Amino acid sequence: MAQPLDIEAQAKKHLIALDMWRLPVDPFAIAKEEGIELAPGQYGAKFDARIKFVRSAKTFILFYKEACDGLTEGRVRFSIGHELGHYYLPHHRDYLLRGESHNSVTDFRSGNLIEIEADNFSSALLMPNELFAAALKARNITICTLSDLSGLAETAFKTSLTSTVRRYVGLDWEPCSMVVSEAGVVKWANHSDSMQALGMGWIGSRSPVPNTTPTAKLWERLGTEATLARMEAGVDADIWFDRPYRPRLWEEAMPLGYTGLVLTFLTAEEGD
């Protein structure tokens, strides 16, 4: 698996070569510049995107599901960036040139290493660290709420909320964690370096969401109605973590559209 810094460097190299080192990055324009044929459509319910090399035509075709029925434009753009990862990363490209392809699972919903690499490439391509930090500084943002990150996703980056929050956590702007859950059970979690330094760097996948949290209350509500309502409150840190060095967290939880997933954003409150 290519190292994250290699992926960052490759994404930046291509953006600069294409004279696209600015926000928002347009993955559709990148595909066109590279001569990749775009093939939008409705496709199946579980289809995100797929890129294939047609040897007889000596061209790449990128199939992707158009935004509709709750599938946001930001999510579509992230899927395009994911397929560009398959196109640009050398070992992925070799796979395509052999005539092999597959339907991708994007937006950090797959545990497959190849898919994770392509997701990381999409993040680096659409939200380069330097441009992400500059966008935060331009808005005088020192700490972020989910509303802040949702606004950045929609306006500055035009990306999915999941990928934007994950990028923010990775940037380590503040001690924070994100958790994605399904049916009240944790699917995966990610933590900033400074959060890990505070003893809060692990939440087990397949573990139940703690039942006294805003996230648990949101899942309880989702059991009775379809809602996009957000819930937030301060919670004791040891509800989520075994040995935290800070006593309190601020927790925000919201459904990821009507996907059946909930995104939780945890930030460490300042100690006394």
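Which residues have the most contacts inside the largest nonpolar core? The points below take this up, along with other features of what is a predicted model.

1. Main core. Leu84 and Val165 have the most contacts inside the largest nonpolar core, a set of 54 residues. The element that gives the most to this core is helix α3, spanning residues 73–88, with six residues. In soluble globular proteins, nonpolar side chains tend to be buried together.

2. Around Val165. Neighbours within four places in sequence are left aside here. Beyond them, Val165 is in contact with Leu146 and Leu149, with Met178, and with Leu263 and Phe265.

3. Second core. A separate core is also present, and it has 20 residues. Val179, Leu198, Trp240 and Ala268 are among them.

4. Cysteines. How many disulfides does the model have? The count comes to zero. For Cys144 the closest cysteine sulfur is in Cys176, and at 8.6 Å it is too far for a bond. Taken from the other side, the closest cysteine sulfur to that of Cys176 is in Cys144, again at 8.6 Å. A disulfide would need the two sulfur atoms within 2.5 Å, so this pair does not qualify. Both residues are buried: Cys144 has a relative accessible area of 4%, and Cys176 has one of 0%.

5. Cavity. The structure holds one cavity of 30 Å³ or more. The space in the largest cavity is about 40 Å³. Its lining is made up of Asp48, Tyr64, Lys65, Leu71, Arg75, Val76 and Ser79. Two elements, β3 (59–65) and α3, give two or more residues to this lining. Of the elements, α3 gives the most, with three residues. Helix α3 therefore appears in two places in this note, as it also gives the most to the largest nonpolar core. By class, the lining has three nonpolar residues, one polar residue and three charged residues.

6. Helix α6. Which residues of α6 are buried? In this helix, residues 129–138, they are Leu131, Phe132, Ala133, Ala135 and Leu136. An α-helix has 3.6 residues a turn, so residues three or four places apart point the same way. The cover over the buried residues of α6 includes α7 (146–157) and α8 (161–171). After α6 comes Asn140, with a positive phi near 55°.

7. Cis peptide. Leu23 and Pro24 are joined by a cis peptide bond, with omega at about -10°. Pro24 sits in the loop between α1 (4–17) and α2 (27–33).

8. Positive phi in loops. Most residues other than glycine have a negative phi, and most peptide bonds are trans. Lys58 has a positive phi, near 50°, and is not a glycine. Its place is the loop between β2 (49–54) and β3. Is Lys58 buried or exposed? Lys58 counts as exposed because its relative accessibility is 72%, and the cut-off for exposed is over 50%.

9. Asp172. This residue, also not a glycine, has a positive phi of about 60°. Asp172 lies in the loop that runs between α8 and β4 (176–182). With a relative accessibility of 26%, Asp172 counts as partly exposed.

How values were computed
Residues numbered from 1 in each chain as written. Predicted model: local features only at pLDDT ≥ 70, side-chain atom pairs only at ≥ 80, totals over all residues. Heavy atoms only, no water. Core = buried A, V, L, I, M, F, W, Y, C linked by side-chain atoms within 4.5 Å. Buried < 20%, exposed > 50% of the residue type's maximum accessible area, 1.4 Å probe, protein only. Helix = DSSP H or I, 4+ residues; strand = E, 2+ residues; numbered from the N terminus. Contact = heavy atoms within 4.5 Å. 1 Å grid on protein atoms, 1.4 Å probe; cavity = no way out; pocket = protein on both sides within 12 Å on 5 of 7 lines; lining within 4 Å. Points joined across faces, edges and corners; volume = space filled by probe spheres on them. Nonpolar A, V, L, I, M, F, W, Y, C, P; charged D, E, K, R; others polar.
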